[in-house]
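Subject: A structure for you to explore

Hi there,

I am handing over a structure that I thought you would enjoy looking through. Have it open in your viewer while you read, and follow along at your own pace.

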Amino acid sequence: MASWAEQLQRELAGRGLAVASVPGKGRGLLAARSFFPGEVIICQEPYASTPNRISVGSSCDHCFASGNLRKCSVCRVAWYCGSVCQKEEWKLHQLECQAISALTEERKKMLTPTIRLMVRLILRRKLQSEKAIPSSATDNYDLVDALESHISKVDDNQLVLYAQMANLVQLILPSIELDLKEIAHTFSKFACNAHTICDPELRPLGTGLFPAISIINHSCVPNAVLLFEGRTAYVRALQPLSSNTEVSISYIETAATTLKRHNDLKQYFFTCTCPQCIKDSEEDALLEGYRCKDQKCDGFLLPDSGKKAYTCQKCSISRDEEEVKKVSSEILLLSDKASSFLSSGNNSEAGSVYKIIEQLEQKHYHSFSITLLHTRETLLKIYMELQDWQTALMYCRMTIPVYERVYPPFHPMVGLQFYTCGKLEWLLEYTEDALKSLTRAADVLRITHGTQSQFMKELFGKLEEARAEVSFRLSSGDEQIS
């Protein structure tokens, strides 16, 4: 009988893929044929998954939908959107339900999403080993077992925490004989292999372990993107891939300096050496974004350590390091104040303070600064909440040139920002502008999201509506003023 690794290779070969050893990276996923932009390279259901907010019932345990949820009347932890999803989950949840129902209320409070993910993984392995549920070449515990844990690199405090978490799992599942050391290792695997399941607008819904997709390595300039429909993971090509090309996705937010990206990657225990990471420092200086002292110059500052100053790369005018630090400290103090208003739900006051911050940052940072971008993203969210559509649109339009600068052309963030812009323009009856924005959104998102999901069908519907309205206005001689 073929080993699980041979079965996996056979299964992947049928999809035009292969697992191979990649120098300096360990295992990797290679294209064994050509893939075109937007084509699904691989899709997978999670081996185990759980919503982020267990007690609140934010999404269905099976499909991750958020509407018409009902709580399991026995354990009062699981939520389902209907009988279909409840039946699909029943064999697994029956065991989980019995275990959770036996816990005291205090112990139930310790049931974090990570603990529950482990419980569900153990129960799924049990059901598969007993042949109560099917397994396949891409859906079996051997794939989980083969994942890298990096346990030898984990610090002592984290190891103690994993041991405590393993003990808690044993308390939840007393009837199953467990290897606590193996469970601690699996928690370490979660940290560097589990994926955040997001909705089509990239809002986090939960966590899932997708062992076949975890074979795919990271790049800060990936050639593929991982997105979800419900809890199913889809990896799509962002560019034409030829045979023998390694498939790569990004594990982190890539619109950041090299230092920030490398810090974010520390949990995965490797240092990225992709083309973006071995570039010179000018790109980082642009993203860090201090602007030239001469407001008429559009240059950005490079650190000049010998002089304790920053020098404009365009006109060579210097800014003193202390002056830069002083303005940055002032902005930081105001940011704390604005965050406080935001966390207390006082959006109006938060908006006012963030506007002051944005004005200061305009003088201090280059227009492509990530710091200024994040402030404008926050202002966009605030004014969307306040339903001040005109102000929200202003900030949305300001972010788009930066998105186009810091992300590759077919990145979901670019498409989603054009979609937001188009919806706001449509609401404000800037119909021709809305058509342009929605067209740009559709061009990007059909590559990253595919064309069949409800989310994309809604976008195509809005696009057709905008086209019809523009056509009607042109035929009736009506002009837009925006």
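Strands β10 and β11 run antiparallel and are joined by six bridges. Please keep in mind that this is a predicted model. Find E229 in your viewer, and you will see that this residue stands opposite T232 in β11. The two strands form a hairpin with two residues between them, and in this hairpin G230 takes a positive phi near 65 degrees.

On to the next partner of β11. Strand β3, residues 40-44, is joined to β11 by four bridges, and these two strands also run antiparallel. Two of the partnerships are easy to look up: C43 has Y234 in β11 as its bridge partner, and V40 has R236.

Put together, these strands make an open sheet of three in the order β3-β11-β10, with antiparallel pairing. Each of β3 and β10 has a single partner strand and stands at an edge, so one side of each is left without a neighbour in the sheet. From one strand to the next, the twist averages 20 degrees. If sheets are new to you, it helps to know that their strands pair through backbone hydrogen bonds, either parallel or antiparallel.

How many of the six residues of β11 are buried? The answer is six, so to speak a full house, since buried here means under 20% relative accessible area. In a regular strand the side chains alternate between the two faces of the sheet. In β11, T232, Y234 and R236 point one way, A233, V235 and A237 point the other way, and all are buried.

There is another sheet to visit. This open sheet of three strands has the order β4-β8-β7, again with antiparallel pairing. Its edge strands are β4 (48-51) and β7 (195-198), each of which pairs on one side only. Here the twist averages 30 degrees from one strand to the next. Four bridges join β7 to β8, which covers residues 204-209, and the two run antiparallel. One pair to look up is C198, whose bridge partner in β8 is P204.

A helix lies over this sheet. Helix α4, residues 113-129, lies across β4 and β8 and runs at about 150 degrees to β4.

Helix α4 also packs against helix α7 (residues 180-193), at an angle of about 120 degrees and with their axes 11 Å apart. The crossing of α4 and α7 is right-handed. On the α4 side the contact has T114, I115, L117, M118, L121, I122 and R125, which meet E182, I183, T186, F187 and F190 in α7. By class, the residues of this contact divide into eight nonpolar, two polar and two charged. As you look at the spacing of such residues, remember that an α-helix has 3.6 residues a turn, so residues three or four places apart point the same way.

Helix α7 has another partner, α6 (residues 156-172): the axes of these two helices come within 8 Å and cross at roughly 115 degrees. This crossing is right-handed too. From α6, the residues Y162, M165, A166, N167, V169 and Q170 meet L180, I183, A184, F187, S188 and A191 in α7. The contact of α6 with α7 has nine nonpolar and three polar residues, and no charged ones.

Now please move along the chain to helix α14, residues 412-427. Its 16 residues reach 22 Å from the first C-alpha to the last, close to the 22 Å expected at 1.5 Å a residue. Why is α14 described as largely enclosed by the rest of the structure? Because twelve of its 16 residues are buried. Among them are V414, L416, F418, Y419 and L424. What covers the buried residues includes β10 (224-229), where we began, along with α12 (370-385), α13 (389-406), α15 (431-448) and α16 (454-476). Just after α14, E429 takes a positive phi of about 65 degrees.

A last stop is R473, which lies in helix α16. Is R473 buried or exposed? With a relative accessible area of 16%, R473 is buried, because the cut-off is under 20%. The C-alpha atoms of R473 and D336 are separated by 48 Å, and the two residues are 137 residues apart along the chain.

Enjoy the tour, and do write back with any questions.

Best wishes

Definitions and conventions: Residues numbered from 1 in each chain as written. Predicted model: local features only at pLDDT ≥ 70, side-chain atom pairs only at ≥ 80, totals over all residues. Heavy atoms only, no water. Pairing = 2+ DSSP bridges. Axes fitted to C-alpha atoms, helices over the stretch in contact; angles between N-to-C directions. Contact = heavy atoms within 4.5 Å. Expected span 1.5 Å × (residues − 1). Buried < 20%, exposed > 50% of the residue type's maximum accessible area, 1.4 Å probe, protein only. Left-handed = near helix turned anticlockwise from the far one by under 90°. Nonpolar A, V, L, I, M, F, W, Y, C, P; charged D, E, K, R; others polar.
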